[in-house]
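Biologist: I am new to reading structures, and I would like to learn how the words we use are justified. Could you show me one and let me ask as we go?

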Amino acid sequence: MEVFTSWRTWDDAAADLAALPVDLPELRRAATAAQRWHGDQRRPTGVPYTEHLLEALEVLVRGAGVTDPAVLAAVLLHDTVEDTGATVPEVEAEFGPEVAELVDWVTKPPAAGPGRQAKRAATSAYLRRLRDAPRAAVLVKLADRVSNVQRLDQMPPDFQRRYYAETVTYILPLAADEPWFAQWYAAWRGHFAHLR
């Protein structure tokens, strides 16, 4: 199972991206906006949140071979509305309607009520809704989840089992129509089969 952790900073990513047919100035703009919006946020593992965004970008570019500028900008911005004070209209004002729509598709709405049960119900509804998402939004979500699950063994055991089951139930069917992602998730599923 290939792991995507080479691009820890924008400079790391830019060095590799410079040789590829991508819109580097637009990606730099999206990375800068993501850094501005996410600020000093950290992942549960303690690393800067922007490392997750760069991992997802690396998945799309180095793994799946995606070069579409809107998809690549959206993957860098995919958590801004969900996890920061940014809004979809603000994303649209800076990056246009296509990127904003993709970000909107992959933004999990808040839970309808308090407690773990409401949060899990909202997550399930959101993941089911992705079956109707445009392909570009699905690519963003698939890359996001690769970053989240590639080192699942670093998370607490109860979270590992729950997240594994959620990924198998909702994400693997989304990956089925995308050959690279289908292959990657099959390898991932085998690697973490002990969580079944």
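Modeller: Let us start with one contact: the side chain of Glu178 makes a polar contact with the side chain of Arg135, at 2.8 Å. Please keep in mind that this is a predicted model, where local features need pLDDT of at least 70, side-chain atom pairs count only at pLDDT 80 or more, and totals for chains, interfaces and linings use all residues. Residues are numbered from 1 along each chain as its sequence is written, and side-chain values use heavy atoms, with hydrogens and water left out.

Biologist: What makes the pair Glu178 and Arg135 a polar contact?

Modeller: A polar contact is a pair of N or O atoms within 3.5 Å; within protein, one must be able to donate a hydrogen and the other to accept it, and residues adjacent in sequence count only if both atoms are side-chain atoms. The 2.8 Å between the side chains of Glu178 and Arg135 is within that limit.

Biologist: Where does Glu178 lie, and why is Glu178 called buried or exposed?

Modeller: Glu178 lies in the loop between α9 and α10 (179-191). Buried means under 20% relative accessible area, exposed over 50%, and partly exposed in between (1.4 Å probe, protein chains only). Glu178 has 11%, so Glu178 counts as buried. Leaving aside neighbours within four places in sequence, Glu178 is in contact (heavy atoms within 4.5 Å) with Arg135, Leu139 and Leu142.

Biologist: How do you know what counts as a helix, and how many are there in the protein?

Modeller: Helices (H or I, at least four residues) and strands (E, at least two) are DSSP runs, numbered from the N terminus. By that rule the protein has 10 helices and zero strands.

Biologist: What makes α8 close to its expected span?

Modeller: The expected span of a helix is 1.5 Å times one less than its number of residues. With 15 residues, α8 reaches 21 Å from its first C-alpha to its last, close to the expected 21 Å. This helix is also mostly covered, with 13 of its 15 residues buried.

Biologist: Why is the pair Asp144 and Lys141 called a salt bridge?

Modeller: A salt bridge is a side-chain nitrogen of Lys or Arg within 4 Å of a carboxyl oxygen of Asp or Glu. In the pair Asp144 and Lys141, the closest N and O atoms are 3.0 Å apart, within the limit. The two are three residues apart in helix α8 (residues 135-149), so about one helical turn separates them. Asp144, at 5% relative accessibility, counts as buried, and so does Lys141 at 7%.

Biologist: How many salt bridges does that rule give?

Modeller: The count comes to nine. One of them joins Glu51 to Arg8, with the closest N and O atoms 2.9 Å apart. Glu51 lies in helix α3 (residues 49-63) and Arg8 in the segment before α1 (10-17), so this pair ties together parts that are 43 residues apart in sequence. Glu51 is buried at 11%, whereas Arg8, with 40%, is partly exposed. There is also a network of salt bridges linking Glu2, Glu58 and Arg62.

Biologist: Why is Gln160 called buried or exposed, and what does its side chain meet?

Modeller: Gln160, which lies in helix α9 (residues 157-175), has a relative accessible area of 10% and is therefore buried. A polar atom of its side chain lies 2.6 Å from the backbone oxygen of Met155.

Biologist: What makes a nonpolar core, and which residues touch the most other members?

Modeller: A nonpolar core is a set of buried Ala, Val, Leu, Ile, Met, Phe, Trp, Tyr and Cys residues joined through side-chain atoms within 4.5 Å. The largest one has 69 residues, and those touching the most other members include Trp10, Leu17 and Leu57. Among the residues that Leu17 touches beyond four places in sequence are Trp7, Val22 and Val61.

Biologist: How do you know whether the protein agrees with a compact globule?

Modeller: We use the radius of gyration, taken over C-alpha atoms, and the globule rule is 2.2 Å times the number of residues to the power 0.38. For 196 residues a compact globule would be near 16 Å, and the protein has 16 Å, so the two agree. As for covering, 49% of the 196 residues count as buried.
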